[in-house]
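Biologist: I'd love to go through this one with you, asking how each label was earned. Could you set every value against its cut-off as we go?

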Amino acid sequence: MSPSRTIRIFDTTLRDGEQSPGASMNLTEKMEVAQALVQLGVDVIEAGFPIASPGDFESVREIATAVRGATVCGLARCSDADIDRAWEALRHAERPRIHVFLATSAIHREFKLRMTEDEIVARAVAGVKRARSVCGDVEFSPEDAARTEIDFLCRVVEAVIDAGATTVNIPDTVGYATPLQMHHVIKSLVERVRGVERAVISVHCHDDLGLAVANSLAAVEAGAGQVECTINGIGERAGNCSLEEVVMALRTRRDHYACDTRIVTQRLVPTSRLVANITGIQVPRNKAIVGRNAFAHEAGIHQDGMLKERRTYEIMRPEDVGLERTDLVLGKHSGRAALADRAKALGYALTPEQLQSLFERFKTLADRKKEIYDGDIAALCESQFAELPEQFTFERYVLSSTSGAAPTVELQVRQSGAPQSVTVTAGDGPIDGIFLAIEKLTGITTVCRDFRVQAVTVGKDAQAEVTVELEHAGQVQRGRGVSTDSLEASAKAFLAAINRLALGAPPRLHPQRP
Ligand code: KIV
Ligand code: ZN
């Protein structure tokens, strides 16, 4: 076997991932994700597109200033204004990188840019040179490279390396490539471009045909030294190459790829959960590596095999991706130390006060639910620590409902500690009635843009996790609630979003993409 290469992992959750419809994050949330990415061990964090909006600029600057231990990158078109703005945001980074891009495919040249091949080469070179005049680490991406004529692509890549690009990234912008084709593109660059050894060749695949991970792995086999990817594969349209999948494929099939990464794989599941909670984009149950069913064995034959020797049906160990082997962990007789231990194993470092508060909530849950799973504990930790101080706190509801008639809801909340209640008879059903009662009591009328319910774990007494996205006066906020009672979870989620609206929590960013 050839000696192993270390593949750089370039995470673009905060830039391409944030371009997923509905995935916008505020500054605090972006900072939390950036710190989690550092702990995960990514080499490069693409923090945003500084010229896209003042919010994007601010978050790239804050992340660049705060992050230590990873390169922080900002995106720019090949224009002086974009590059100068990117550098302004990045200049305080420990390891800054400017990422400039320009489309190269015939369809983009002709219809979008209306530029000739010579003009494209000249602008790409000028962009790289300007970026290099301020920053020693410059990446260039020929957008839509996978649909670019290979001769022209080689010409562009050679020119930008000569101009000083230290990484050249090959995007399959529209997710059109196939693994063999991607392999051919990268191999051609490695074999034909003079000076290719002076730059790292990277790959950036979109998942429109479900091939992003396969295409990225094919690129690695052909010689790519960097993979661009996102947590949970979120991103523009069908998303990007999923970080957890590509990393675990390289690790699990090291015999084949002979490549390593610097990723601390035990942080994959906690990071995936964090991004899912912050963006509200939940991970499908059957998603490889981080889906809830990824290590669940249902069939009797499989369970029998697993008990005899787990490698019969498991190619990876759940603990290697941050999942604990034991599913059933705690119950109402479990103590504080066991809970602290469990939370720690799941990736939550708690202060003594946080542990005390978690323990109280755990006991309340244990009274309602016999078996407490890891997912329940993660949900308790996340709902508790990701929230802002609450102005309105849910107390209880009393509901009387008959199908076909408007329900009557009596709702009790605490407003800054003082009890408040309201009764309404309105709505299309119990959940709508509860939401209308909350709006009446808080005086905040909203448009509900998204509402989702899912079970946290399994069984009839599983906790329901509800996420809502509400709009009020031009602000959009998300809220999350967890309870064994799905109506209570809905009320908590709605109130959490109302609290953010009422407290004027940093608005979620909706950047204007150039
Ligand atoms: O998909 C793409 O082409 C991109 C580039 C900006 C790298 O995201
Ligand atoms: Zn992209």
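**Labels and their cut-offs**

Biologist: What makes Lys112 partly exposed?

Modeller: Lys112 has a relative accessible area of 46%. Buried means under 20% relative accessible area, exposed means over 50%, and partly exposed is in between, using a 1.4 Å probe and protein chains only. The 46% of Lys112 therefore falls in the middle class.

Biologist: Before we go on, what kind of model is this?

Modeller: It is a predicted model, in which local features need pLDDT of at least 70 and side-chain atom pairs count only at pLDDT 80 or more, while totals for chains, interfaces and linings use all residues. Residues are numbered from 1 along each chain as its sequence is written, chains are lettered from A and ligands numbered from 1 in the order in which they are written, and side-chain values use heavy atoms, with hydrogens and water left out.

Biologist: How do you know that Glu143 and Lys112 meet in a salt bridge?

Modeller: A salt bridge is a side-chain nitrogen of Lys or Arg within 4 Å of a carboxyl oxygen of Asp or Glu. For Glu143 and Lys112 the N to O distance is 2.9 Å, so the pair qualifies. Glu143 sits in strand 6 (residues 138–143) and Lys112 in helix 4 (residues 106–113), so the bridge ties together parts that are 31 residues apart in sequence. Helices (H or I, at least four residues) and strands (E, at least two) are DSSP runs, numbered from the N terminus. Unlike its partner, Glu143 is buried, at 16%.

Biologist: How many salt bridges does the rule give?

Modeller: The count comes to 38 salt bridges. One of them joins Glu18 and Lys30, at 3.6 Å from N to O. Glu18 is in the loop between strand 2 (8–11) and helix 1 (27–40), and Lys30 is in helix 1, so this pair connects parts that are 12 residues apart in sequence. Both Glu18 and Lys30 are buried.

Biologist: Why do Asp260 and Arg254 count as a salt bridge?

Modeller: Their N to O distance is 2.6 Å, and the limit is therefore met. Asp260 is partly exposed at 24% relative accessibility, and Arg254 is partly exposed as well, at 32%. Elsewhere, salt bridges that share partners bring Arg109, Glu117, Asp118, Glu149 and Arg155 into one network.

Biologist: Turning to aromatic rings, how many pairs does a search of the whole structure find?

Modeller: There are four aromatic pairs. Phe359 and Phe362 have ring centres 6.2 Å apart and planes at 25°, so this pair is called stacked. Rings of Phe, Tyr and Trp (its six-membered ring) pair if their centres lie within 6.5 Å; planes under 30 degrees apart count as stacked, over 60 as edge-to-face, and the rest as tilted. The two residues are three apart in helix 14 (residues 352–368), which separates them by about one helical turn. Phe359 is buried at 12%, and Phe362 is buried at 0%.

Biologist: And what makes the pair of Phe435 and Phe451 edge-to-face?

Modeller: Their centres are 5.8 Å apart and their planes stand at 75°, so the pair earns that label. It links distant parts of the chain, with Phe435 in helix 16 (residues 430–442) and Phe451 in strand 16 (residues 447–455), 16 residues apart. Phe435 is buried at 8%, while Phe451 is partly exposed at 31%. Ring pairs link Phe435, Phe451 and Phe494 into a cluster.

Biologist: Which residue lies over the face of Phe57?

Modeller: Arg85 does, at 3.7 Å from the ring centre. A charge sits over a ring if NZ of Lys or CZ of Arg is within 6 Å of the ring centre and within 35 degrees of the ring normal. Phe57 is among the buried residues of helix 2, which also include Asp56 and Val60.

Biologist: One last residue: what makes Ser105 buried, and which side chain does it join in a polar contact?

Modeller: Its relative accessible area is 1%, so Ser105 is buried. Ser105 is in the loop between strand 5 (96–103) and helix 4. A polar contact of 2.7 Å joins its side chain to that of Asp144. The term means a pair of N or O atoms within 3.5 Å; within protein, one must be able to donate a hydrogen and the other to accept it, and residues adjacent in sequence count only if both atoms are side-chain atoms.
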